[in-house]
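Q: Take me on a close look at one part of this model, please. I would like to see how the inside is packed, and then what lies around it.

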Amino acid sequence: ESLLLENIELKANLRNYEALKTENERLREMFNFKNRADQYDYVGVNVIGRSGGGIITSYIIDRGEEDGLLSGMVIMTDEGIVGQITETAKTWSLVETLSSENIAIHVKSTDDASISGILEGHIGSGQTQMAKISFLPIDSSIKEGDTIVTSGLGRFYPPDFLVGTVVRVEEDKGNLMKTAIVETAVDFKRAAQLFVVKPKSMGDVEY
């Protein structure tokens, strides 16, 4: 009986250790990210509402104008870009995810700086949440496995924030263009704690 109790206690301690290890790794990733982009502040927010059913197109978060949040500010997790704020009130804000047709951002490939385009929401087979980069030149070298990040153009999204990975490239030879299907880095169905990206110098970004 004593050995059994000791075993239970050790297993409980191990679970606590693994939980703390995971949290520390997550915080370390976020800290490293902040070191790479320390011109921004990161405000932690919680999701208090979702919409879109099986396809999460928007969240309601628990901070708003009283916390200095503005429509247009970028939302992310330590995994990558989630979307942006599209509406604010005193104590809450509406966030639209990259799956929303209302969101369009300029992105680029880290594998080839010449590859860039507009990324929009896309619903894949089986109602999976994806995104797509349309109207790429037919001779574009974009390929499966390319990493997609924000380009910084448009002055809404800071540059080099992770968006996702190309999982398929479709050719339209009739219109001489390609479309890249992108799996987003963030799983919108599981995201709970988000970060608002606030420029330290508000003159750097036009909201």
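A: We start in the core and then work outwards.

This is a predicted model, so local features need a pLDDT of at least 70, side-chain atom pairs count only at pLDDT 80 or more, and totals for chains, interfaces and linings use all residues. Residues are numbered from 1 along each chain as its sequence is written, and side-chain values use heavy atoms, with hydrogens and water left out.

Begin with the largest nonpolar core, which has 41 residues. Such a core is a set of buried Ala, Val, Leu, Ile, Met, Phe, Trp, Tyr and Cys residues joined through side-chain atoms within 4.5 Å. Buried means under 20% relative accessible area, exposed means over 50%, and partly exposed lies in between (1.4 Å probe, protein chains only). Seven names stand out in this core: Y59, I61, L98, L119, I133, L194 and V196 touch the most other members. Strand 1, residues 40-51, gives the most to the core, with five residues. Strands here are DSSP runs of E, at least two residues long, numbered from the N terminus.

Now look at L194. Leaving out residues up to four places away in sequence, L194 touches V43, G44, V45 and V47. L194 also touches Y59, I61, I75, M76, T77 and V82. A contact means heavy atoms within 4.5 Å.

Stay with strand 1, where N46 lies. N46 has a relative accessible area of 38%, so N46 is partly exposed. Residues up to four places away aside, N46 touches I60, I61, D62, A192 and Q193. Y59 is 13 residues from N46 in sequence, and their C-alpha atoms are 9.6 Å apart.

Next comes I60, in strand 2, residues 58-61. I60 counts as partly exposed because its relative accessibility is 33%. I60 joins I48 and W92 in a nonpolar surface patch of about 270 Å². A nonpolar patch joins side chains of Val, Leu, Ile, Met, Phe, Trp or Tyr within 5 Å, each residue having over 30% relative accessible area and no salt bridge. The accessible areas come from the Shrake-Rupley method with a 1.4 Å probe.

Is S93 buried or exposed? S93 is buried, because its relative accessible area is 0%. S93 lies in strand 5, residues 93-97. Its side chain reaches the backbone oxygen of R63 at 2.8 Å. With residues up to four places away left out, S93 touches Y59, I60, I61, R63 and G64, and also L69, I85, E87 and T88.

R63 leads us to charge. Side chains of opposite charge can pair when their charged atoms come close. R63 forms a salt bridge with D67, with the closest N and O atoms 3.9 Å apart. A salt bridge is a side-chain nitrogen of Lys or Arg within 4 Å of a carboxyl oxygen of Asp or Glu. R63 is partly exposed at 31%, and D67 is partly exposed at 31%. The whole structure holds four salt bridges.

Another of them pairs K108 with D160, at 3.2 Å from N to O. K108 sits in strand 6, residues 104-109, and D160 in the loop between strand 9 and strand 10, so the pair ties together parts that are 52 residues apart in sequence. K108 counts as partly exposed at 24%, and D160 is partly exposed at 49%. The backbone of D160 has a phi near 70 degrees, a positive value in a residue other than glycine.

K143 and D146 also meet in a salt bridge, at 2.9 Å from N to O. K143 is partly exposed at 44%, whereas D146 is buried at 1%.

K143 takes us to V169, in strand 10, residues 162-172. Sequence neighbours within four places aside, V169 is in contact with I142, K143, E144, K178, T179 and A180. V169 is partly exposed, with a relative accessible area of 28%. Its C-alpha atom is 9.5 Å from that of I133, which is 36 residues away along the chain.

K178 also appears beside S140, which is in contact with I115 and K178 when neighbours within four places are set aside. S140 is in the loop between strand 8 (129-137) and strand 9 (147-150). S140 counts as buried because its relative accessibility is 11%.

Last comes L176, in the loop between strand 10 and strand 11 (177-184). Its phi is near 55 degrees, a positive value in a residue other than glycine. L176 is exposed, with a relative accessible area of 58%.

Conventions. Helices (H or I, at least four residues) and strands (E, at least two) are DSSP runs, numbered from the N terminus. Patches are made of residues with over 30% relative accessible area and no salt bridge: like charges are joined within 9 Å, nonpolar side chains (Val, Leu, Ile, Met, Phe, Trp, Tyr) within 5 Å. A polar contact is a pair of N or O atoms within 3.5 Å; within protein, one must be able to donate a hydrogen and the other to accept it, and residues adjacent in sequence count only if both atoms are side-chain atoms.
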